[in-house]
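Visitor: I would like to learn how to read a model like this one. Could you take me through it, feature by feature?

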Protein chains: 2
Amino acid sequence: MLATTIHAPGDIRFEEVPDPVLSRPTDAVVKVVAGCVCGSDLWPYRGENPVRAGATIGHECIGVVEEVGAEVRDFKPGDFVIVPFCHCDNTCAACRGGVQSACDNLGFTTSGQGEYALVNQADGSLVAVEGGAPDPALHAALLTLSDVMPTGWHAAVSARVREGGTAVVVGDGAVGLCGVLAASVMGAETIVAMSRHEPRQEVARAFGATHVVATRGREGAAEVRDILDGVGADAVLECVGTDDAMGTAIAVARPGAMVGFVGVPHGIELPVRRMFERNVGVQGGMAPVRRYLPELLQLVQDGRIDPGRVFDLTLPMADVAEAYRAMDERRAIKVMLSSPS
Amino acid sequence: MLATTIHAPGDIRFEEVPDPVLSRPTDAVVKVVAGCVCGSDLWPYRGENPVRAGATIGHECIGVVEEVGAEVRDFKPGDFVIVPFCHCDNTCAACRGGVQSACDNLGFTTSGQGEYALVNQADGSLVAVEGGAPDPALHAALLTLSDVMPTGWHAAVSARVREGGTAVVVGDGAVGLCGVLAASVMGAETIVAMSRHEPRQEVARAFGATHVVATRGREGAAEVRDILDGVGADAVLECVGTDDAMGTAIAVARPGAMVGFVGVPHGIELPVRRMFERNVGVQGGMAPVRRYLPELLQLVQDGRIDPGRVFDLTLPMADVAEAYRAMDERRAIKVMLSSPS
């Protein structure tokens, strides 16, 4: 099949690779209808994570079940499905505890920017879109459910966003924007999005941000606290993963608040003394996508949320190298890739 | 007045110092009926915190109001009161948010092991024991309400202990034991106390521990997880403050759990990657004593809890140096000091 590979930082190719094959009876193969580029794909692209030359890349997709293993009971070829980036059995203790991203049988989508993707633990992982192939106008929103929207949602859950409360979102990537949307759905009354980029500010406002702060660092944090009566937020969503972003997140948290963090940590040193002095907590990690999927799918199908707005560029999958460039250079918030076939 | 002072590590004296005086109209002076030694007093005693030679020490006490400032409305001389170790106005945003320990007008008891203690923000801080001087048999339990019991409670609140859940308490000092009691009152079904010391194990069991694990480090953590179906606890109370204790706490947490930490951090480096991989969160800090005091006082007065059991030695206040020695050498869990007058 054709799929996206990375050969070195900056070197993204769309080329022939071996077809995925069912290796366990619980596996399924999904024919990709649409994939996309994740902010975390930019870490290896920028050389900030190691690269295994020639490896496929891409972990977000929606598609149609092509083939299932002998033990897959709930899905059959032809089903239109959302593929969570992290696969889970949805039965182990971690899954039952709501942390499907720490499943005993954890797996990952590895060719979501290709023609086909292998899914481990198909019954536990996949969620079908009922009624057959959905309106293509819904593809963008459905695609966000494989990672970025549940990840923003997880930041809000981890930060304990509550109805009538206040929330700050640090990071204006697609995850941060989805965090704004999540906080809005959860009923936060004041939502401050920290964003310097006009097109992202616009999406943030459309998603429910009541305030936008463009300043960063100490000054930005002070500006945010001013908006929040000088006290800080009840809940803070850290959607970047750097030490600066975490520092800002903790600085804008009111005493007793939680910071929910979902960006893969790169160089974060948690300031335990400062956290202790102000009783500010942190919790986060990979989103348990499967946990949130049914609820989020319903919200999309009911027209209550349109997270697909995070895609401001759609390219044919063959142009994936340009998709990475556009995101790396911040010319695009997030790029959707339509399948070649 | 006579009060306890520290002159150097290991050098505790009971000697004449200036009487406390009302310096602000919101202050009160309390004549101490009983004080005690806190685990955190041992940090300077052991030279692990700096010592200001000749400074008074001791921040836990109960007593009788001696004198109040012009703006104190809710208390009058003769009232029997519990003195939270951290003083608060109980009206600022932090206090309204339930974090009285981050009050805009934060103060601390500094001569709780002396004849008199100054209380800032008397109206916001103090809680009266209704009905005049309580039965001396209740003094021990009431004294715990000035710090150690609300601190154990705060660990349980921060760890999100819930009815029917599982909890692990790391640390068998008086705070850890109060954490066991808190988890029990909150309805945790399985409570594992990590303790190597027989007398402390006994109190832990009396306070509601269903299991005691005496092993420490990696092996201890493995033993705890075995008890908890190999998965780990829903809630972990870290009641020590060292990096080892925090490491153990995170190791025994199930994916998605919270670690509540209340020991003043000494050398803790939070393992952010490990926390991220398992979605284990941390929150904690100084206990907002005033927030929990009314509820805990009621539990004591109703005979539902007897946290006074953490005191296994009572000495006249003049023997305070021996009290420190007994705790430092772990001959006593916690020492109560009865007032000289």
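Guide: Start inside chain A. The buried residues of α5(A) are Val148(A), Met149(A), Pro150(A), Thr151(A), Gly152(A), Trp153(A), His154(A), Ala155(A), Ala156(A), Val157(A) and Ser158(A). Keep in mind that this is a predicted model.

Visitor: How many of the residues of helix α5 of chain A are buried?

Guide: First the general idea. An α-helix has 3.6 residues a turn, so residues three or four places apart point the same way. Now the case here. Eleven of the eleven residues of α5(A), residues 148–158, are buried, so the helix is largely enclosed by the rest of the structure. Just after α5(A), Arg160(A) takes a positive phi of about 60°.

Visitor: What does an exposed residue look like by comparison? Take Gly217(B): buried or exposed?

Guide: The count of neighbours decides. A residue is exposed if 12 or fewer other C-beta atoms lie within 10 Å of its own. Gly217(B) has 11 within 10 Å, so Gly217(B) is exposed. Gly217(B) belongs to helix α8 of chain B, residues 217–227. A distance adds to the picture: the C-alpha atoms of Gly217(B) and Asp104(B) are separated by 39 Å. These two residues lie 113 apart along the chain.

Visitor: Now the strands. In which sense do β17 and β18 of chain B pair?

Guide: Strands of a sheet pair through backbone hydrogen bonds, either parallel or antiparallel. Here β17(B), residues 313–316, and β18(B), residues 335–338, pair in the parallel sense over four bridges. Two positions fix the register. Leu313(B) stands opposite Val335(B), and Leu315(B) stands opposite Leu337(B). Helix α12(B), residues 320–328, joins these strands in a right-handed β-α-β unit.

Visitor: Which residue of β18(B) does Gly35(B) stand opposite?

Guide: Gly35(B) stands opposite Leu337(B). The strand pair to look at is β3(B), residues 28–36, with β18(B): antiparallel, over three bridges.

Visitor: In what order do the strands of the open three-stranded sheet in chain B run?

Guide: The order is β2-β1-β4, with antiparallel pairing. At the edges stand β2(B), residues 11–16, and β4(B), residues 55–56. Each has a single partner strand, so one side of each is left without a neighbour in the sheet. Six bridges join β1(B), residues 2–8, to β2(B). One pairing to find is Thr5(B) with its bridge partner Arg13(B).

Visitor: Let us turn to the interface. How many residues of chain B are in contact with chain A?

Guide: 28 residues of chain B are in contact with 28 residues of chain A. The elements of chain B that give two or more residues to this side are α2 (93–96), β15 (253–261), α10 (272–278) and β16 (281–284). The most come from α10(B), with five residues. By type, this side of chain B has 13 nonpolar, ten polar and five charged residues.

Visitor: What relation holds between the two chains?

Guide: Two copies of a chain are related by a rotation about an axis and a shift along it. Here a turn of 180° and a shift of 0.0 Å lay chain B on chain A with an RMSD of 0.0 Å. That is the relation of a two-fold axis. In chain B, the C-alpha nearest the axis belongs to Val282(B), 2.8 Å from it. The copies meet through the same surface, because 100% of the interface residues of chain B are also interface residues in chain A.

Visitor: What scores does the predictor give?

Guide: The complex has an ipTM of 0.95 and a pTM of 0.96. Chain A averages a pLDDT of 97, and 99% of the residues score at least 70. Where pLDDT is low, the predicted coordinates should not be read in detail.

Technical notes: Residues are numbered from 1 along each chain as its sequence is written. Chains are lettered from A and ligands numbered from 1 in the order in which they are written. This is a predicted model: local features need pLDDT of at least 70, side-chain atom pairs count only at pLDDT 80 or more; totals for chains, interfaces and linings use all residues. A residue is buried if 20 or more other C-beta atoms lie within 10 Å of its own, exposed if 12 or fewer, and partly exposed in between; C-beta atoms are placed from the backbone. Two residues are in contact if their C-beta atoms, placed from the backbone, lie within 7 Å. Ala, Val, Leu, Ile, Met, Phe, Trp, Tyr, Cys and Pro count as nonpolar, Asp, Glu, Lys and Arg as charged, and the others, Gly among them, as polar. Copies are superposed by least squares on the C-alpha atoms of residues with pLDDT of at least 70 in both. pLDDT is the predictor's confidence in each residue, from 0 to 100. Two strands pair if DSSP finds at least two bridges between them. A crossover is right-handed if, with the strands pointing away from the viewer, the path from the first strand over the helix to the second runs clockwise.
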